[in-house]
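Here are a few exercises to work through with the model open in your viewer. Try each task before you read its solution.

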Amino acid sequence: MPSSVRLQEMIRVIRSARTQGEERGIIQKECADIRAQFRQGDNGERSHSLAKLLYVHMLGYPAHFGQMECVRLIASTRYSEKRIGYLGAMMLLDEKQDASLLITNSIKNDLSHSSQYVQSLALCTLACMGSAEMCRDLAPEIERLLRASNSYIKKKATLCAVHIIRKVPELAEMFTPSARSLLSEKNHGVLHGAVVLITELCKHNPGTLDQFRKAVPELVQIMKGLVTSSYSPEHNVAGISDPFLQVRILRLLRILGHNNDTASDAMNDLLAQVATNTDSSKTAGSAVLYETVLTIMDINSESGLRVLAVNILGRFLLNNDRNIRYISMTSLQKIVQTDHNAVQRHRGTIVDCLKDQDTSVKRRALELSLALVSAVNIRSMMKELLIFLSTCPPELRSHTTSGIFNAAERYSPSKRWHIDTILHVLTTAGGDVRDETVPNLIQLITTASELHCYTVHKLYRALVKDISQQSLVQVACWCIGEYGDLLLKGECEEIEPVQVTEDDVLDALETVLQSHMSSPATRGFALTATMKLSTRITDNVDRIRSIVSNYSSCIDLELQQRAVEYNALFRKYDHMRAAVLERMPVMDKNSPGHTNGDTSGVIKETDPSKLKPVEAGLLSEPASQVCDLLDLLDGTDTPLQPSPAPTNNPTTTSSADLLDLLGGLEPAPVLTETVYEKNGLSLKIQCDKQTDTEVMVTLIGSNSTQNDITNFTLQAAVPKSVQLQMKAPSGNVIPAHGLGQVTQTVVLNNPNKVSLKMRIRVSYSNQGAVHQDTVQIDSFPSPTCPPSVSPL
Amino acid sequence: MMRFLLLFSRQGKLRLQKWFTALSDRDKKKIIRDVTQMVLVRPPKSCNFLQWRDLKIVYRRYASLYFCCGLEQGDNELLTLELLHRYVELLDQYFGNVCELDIIFNFEKAYFILDEFIIGGEVQETSKASVAKSMEEADSLQETMEEYVNKPTY
């Protein structure tokens, strides 16, 4: 029989191993000894062996052969063996092991043991690893101990009951009666356990919650006692009497007072007292104040109290301790929606926290700053955010860029500022922006027609400086391609003039094309831009031809295809080149492949004919709604389809419109008229194309309410001889605050040239309520006359 | 409720692990690895709170040991700092000027003290003196007193 090595000796030997391999060897030997020991049976050495095994287990080595030994040791009569046996059970046995059920009986016996320390071992183990079955078996025992035992056992039994309820919620009713009476205990340990138990009971059952609301006065009393009591050395922590208990009581009061006026009133005075009297120079006091603030904000407290709470958070913001600043910002984040103005007052301090060294604090400050951006402070906030972006840690960058873009979209004071901001972000952190940024920016630029010159100059300069940021390069190439003539003209009021020659521009684009840093998509942009320039410059068209023909044998398939097509444009279709490559029209946001057409032709006025249902021929999604519109419109199917293709890709739009643009067309002025406005939802109609027999319009829905509008559908009916075709809408959710729109294109074929009328039914959900409304459009917008609308 | 409590050294060696929810061994090892890595890279004067998955991680360094625990969203982080401090005080009172070696060579006692202070992830006794007294009385029940109390010569 090998001589047993004492635990501490073994630990010393293991620690002295110089390599991992040596350690493994020692441990293997030790485990063999331990196994031999276990096989031998009772000889007084078992607890040492199990202790050694537990150490080995903590180092990460397998120890499952010790499980049965734990069971045996727990059943032993010696306290030292029980103690280590229970510890082993907590470390090696969990509810997933079958052996755990074997100790249920031992625990049951030990719960009625004469020594309270044995009882305590059993209670602790049950609360730590008790499975649902074990809990069910032993719950009556625990309940008995809750009522009739000394405070040492009561406090443990209470927390054991909490564990049981978490595992088996149905047993909660068993403990409810005893829980209330525990509140009258004097012992802080028991009191603390009782508060935790009541909190857990209230979480599981709203009926119980109502019951325990009656305990609010009692809790307030206990709390008052703690706050005003004289110094008690036993529970004092840095001048606060039992902060653990105080915090738990505050948390329970929060649950009880939430959404309940009577309970909230009962605790108002107490909360004011705690908020004003607690000394927050040390962590214990701050912890209590923190919990108080959370409670005040979550119950129906009076406004004076709320102001007090926000001021406490403001004070925390100025604290030197980082931890306190961090939790202050976390709490402010929770209330920034409801108490926006109060939090705005501390905006300066919050923005300063952006410069803190610590990443956790930075992250909180960023979230809060983004929530505080408003139309009033957008300029100064954006300055701070951009400074932050240039120095922020990499894990926060993409969040920052998307936050900045959102804020800019909502509150930008001018188009030029908006474009400048986005350009700044792209130059600083172009690699961390979302994919939609490029098309969004391009769309934004096209709408700001007065800034084309300025924009293209700025982008050109940025491109010349640095071509590594792909999104920036893509936008720059597109702009140079579109507005290259403005660039070459050289004059621009808003930027100092710089003479740019055609060669410079083509050099820049070629650099992008040839650089290994450019992604395939970027090169596509550059190639198309080069091609577009062939109609905007005068001297170097041959250079462009040669660039283009070079790429017709490029390995990249996309580039090759483009080059071949452009080549063909040069050779066989040179007469069409100018038309194909002319200036892009202004793009509307969220419209799939939407085009502007010519406006020749006028709709003739004839006698109004009776409205009749018309079929809408469309692909329908299986889950679409089929509504019964008014009698006039039954049979109209307007299924919903999410818009499939990306909405603002300029190059695909131009190739798809090749045929449409033939024949020399001038861009038409875009006419949008509002046809319906109610409850924050407004519907506009925009005339896209009008010929003698065909009209194409776009219906645009936007939302100025506080909540998103969902399930937004449009159905339409037209006069008898007119054929109606509704294209897929861009979506069926309109974001709140005018952040987005839903558009749907409608094509009306009017071969008999009757007077065009359309009746539209709008249905949507807002804040859970379903709305439906109808509007009739009597004539359509055309360049010469505005539409007339009669609401039904 | 506290989900777990971990003690580990500056080199990442685990000295104590207490789990208050049922997890598989593999999950436990993964959590230990992730949390240890996250905490060890933090610079000295940082904030003691982290957000990790759906838990709040609160940690504090005492000499060469990191005390680290995972909390649920409703728990008070500042109070948990006090809790960790209380545990260290209890260890200090028991061992007399506790150092990491005490916890290495007497790990089972560290667990016993923890079990007198926290049960099921919640504090059971808020009085320092009470916990110390309970430990003393429980120790007196140990049958083999000498080697239990014996401090090793390192």
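**Exercise 1: sizing up the interface**

Task: work out how much area chain A and chain B bury between them, and how much of it sits on carbon and sulfur atoms.

Solution: Keep in mind that this is a predicted model. Chain A and chain B bury about 5800 Å² between them, with 55% of that on carbon and sulfur atoms. Next, look at who contributes: Met58(A), Arg83(A) and Phe244(A) supply 13% of the area that chain A buries against chain B, more than any other three residues. Counting contacts instead, you get 68 residues of chain A touching 68 residues of chain B.

**Exercise 2: polar links across the interface**

Task: find how many salt bridges cross between chain A and chain B, and check the one between Asp358(A) and Arg42(B).

Solution: The rule finds 7 salt bridges across this interface. For Asp358(A) and Arg42(B), the closest N and O atoms are 3.9 Å apart, and the cut-off is 4 Å. Polar contacts between the two chains come to 23 residue pairs, both residues being at pLDDT 80 or more. On the chain A side, helix H5 (residues 79-92) brings the largest share, 7 residues. That side splits into 28 nonpolar, 18 polar and 22 charged residues.

**Exercise 3: a helix in chain A**

Task: compare the span of helix H10 (residues 151-167) of chain A with the expected one, then decide whether its residues are mostly buried or exposed.

Solution: H10(A) has 17 residues and reaches 24 Å from first C-alpha to last, close to the 24 Å expected at 1.5 Å a residue. Of those 17 residues, 14 are buried, so H10(A) is largely enclosed by the rest of the structure.

Terms used
Residues are numbered from 1 along each chain as its sequence is written. Chains are lettered from A and ligands numbered from 1 in the order in which they are written. This is a predicted model: local features need pLDDT of at least 70, side-chain atom pairs count only at pLDDT 80 or more; totals for chains, interfaces and linings use all residues. Side-chain values use heavy atoms; hydrogens and water are left out. Contact means heavy atoms within 4.5 Å. Buried area is the accessible area (1.4 Å probe) that two parts lose on being put together, summed over both. A salt bridge is a side-chain nitrogen of Lys or Arg within 4 Å of a carboxyl oxygen of Asp or Glu. A polar contact is a pair of N or O atoms within 3.5 Å; within protein, one must be able to donate a hydrogen and the other to accept it, and residues adjacent in sequence count only if both atoms are side-chain atoms. Helices (H or I, at least four residues) and strands (E, at least two) are DSSP runs, numbered from the N terminus. Ala, Val, Leu, Ile, Met, Phe, Trp, Tyr, Cys and Pro count as nonpolar, Asp, Glu, Lys and Arg as charged, and the others, Gly among them, as polar. The expected span of a helix is 1.5 Å times one less than its number of residues. Buried means under 20% relative accessible area, exposed over 50%, partly exposed in between (1.4 Å probe, protein chains only).
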